[in-house]
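Welcome! Have a look at the sequence and the 3D view, then try the exercises below. Each one comes with a worked solution.

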Amino acid sequence: MGKVVLVTGVARQLGGRFVRRVQRDPGVDRVIAVDAVPPPHRLGGAEFVRADIRQSALARILAEYAVDTVVHLDVSGKALGAGGRTAVKETNVIGTMQLLGACQKSPTVQRLVVKSSTSVYGSAPRDPAVFTETTPPKSLPSGGFAKDAVEVEGYVRGFARRRPDVAVCVLRFANILGPHPDSPLADYLSLPVLPTVFGYDPRLQFVHEDDAIDVLGIAASEPRRGTLNSGTFNIAGDGVLLLSQCSRRLGKPTVPVLLPAVTWVGSALRTVGMTDFSPEQIRLLTHGRVVSTVQMRETLGFRPEFTTAETFAEFARSRGPGLLPPETLGRAVDRLAALPLPGGAGPRERGAGAVQTTHGAR
């Protein structure tokens, strides 16, 4: 008999896509799709079970369907429908506790995959240039989704100690973008004008939706020869982008705001419902975050199809043209760069650490 896979969080785009993807695996006989609300998209031949993972019904579902693989995708920084931050936290933390408790009691569960986030590293001024999976954060996240992710991973580590017979894989995703993103950062980047922190230009990494689905498929399957899909892995596309590069490629103007006033701007944006400009997102847009993907390539054996820049290009195309066409903006930046420096010096020259603006802005 083939595998029986249970997937949580199927009402979200990523969960729905993964359910449709895993059904194509010849080793999978049955897919059980679980969420507290009916999904707005099709789930193919999967069996949808309406259940709130914060409740105790999961143990019954695991036993009834003899589930052997659990893929936990219901860990998110954005609420579905009218749910607020409280509902998100309860689903992320309490829901994960209930799910792990059910898995611990189940004799059939053999593999657990958990969607996490690189936000567990936080964003601080003294951060290392690149985080590896074993790098401790300089400052633990104090709230929001980042703190949820830290707590979720703590519970997962406890589960792995209690059930060493279960293969556990934690995937720390960088910001997931693409044509159909569903995240607070995507909402921020969709604003007509981007508020930024004055004096800062953070480095960002992205992972494409398609790559996220592919790596989840690898994590939920038996390890391929020469690879290991148990453990914790950073998942991100190659390369980085500065926030200033992102704004140019979107063709959107930025409004630099002094750091003390950014909180007021974030509160105003949350009040009008434009985006969840949370404190953790403010820290990301101040200090940025870059992670190493060596283990993703060498141990997990996954190589993303899209780089960070290509992922962002897909996202930018899905948003449509901004207020400032990137080509026009790039030419304007080049003209400014060609102006002589004060004191009679020649035109500005790009140094080794300078940012490309002309072709890179497109």
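A residue counts as buried under 20% relative accessible area, as exposed over 50%, and as partly exposed in between (1.4 Å probe, protein chains only). The model is predicted, so local features need pLDDT of at least 70 and side-chain atom pairs count only at pLDDT 80 or more, while totals for chains, interfaces and linings use all residues. Residues are numbered from 1 along each chain as its sequence is written, and side-chain values use heavy atoms, with hydrogens and water left out.

**Exercise 1. Describe the chain as a whole.**

Step 1: Begin with burial. Of the 362 residues in the protein chain, 50% are buried.

Step 2: Now list the elements. The protein chain has 12 helices and 13 strands; these are DSSP runs numbered from the N terminus, with helices (H or I) of at least four residues and strands (E) of at least two.

**Exercise 2. Work out the strand order of the open sheet, and find its edges.**

Step 1: Recall the general idea. Strands of a sheet pair through backbone hydrogen bonds, either parallel or antiparallel.

Step 2: Read off the order. Seven strands make up the open sheet, β3-β2-β1-β4-β5-β6-β11, with parallel pairing; two strands pair if DSSP finds at least two bridges between them.

Step 3: Look at the ends. β3 (47–50) and β11 (231–235) each have a single partner strand, so one side of each is left without a neighbour in the sheet.

Step 4: Zoom in on one pair. Strands β4 (residues 69–72) and β5 (residues 111–117) run parallel and are joined by four bridges. V70 has L112 in β5 as its bridge partner.

**Exercise 3. Describe the surroundings of E153.**

Step 1: Locate the residue. E153 belongs to helix α4 (residues 144–162).

Step 2: Check its burial. E153 counts as buried because its relative accessibility is 6%.

Step 3: Find its contacts (heavy atoms within 4.5 Å). Neighbours within four places in sequence aside, E153 is in contact with S116, V120, V170 and R172.

Step 4: Compare sequence with space. E153 and V120 are 33 residues apart in sequence, and their C-alpha atoms are 8.8 Å apart.

Step 5: Inspect the side chains. Those of E153 and R172 make a polar contact (2.6 Å); this term means a pair of N or O atoms within 3.5 Å, where, within protein, one must be able to donate a hydrogen and the other to accept it, and residues adjacent in sequence count only if both atoms are side-chain atoms.
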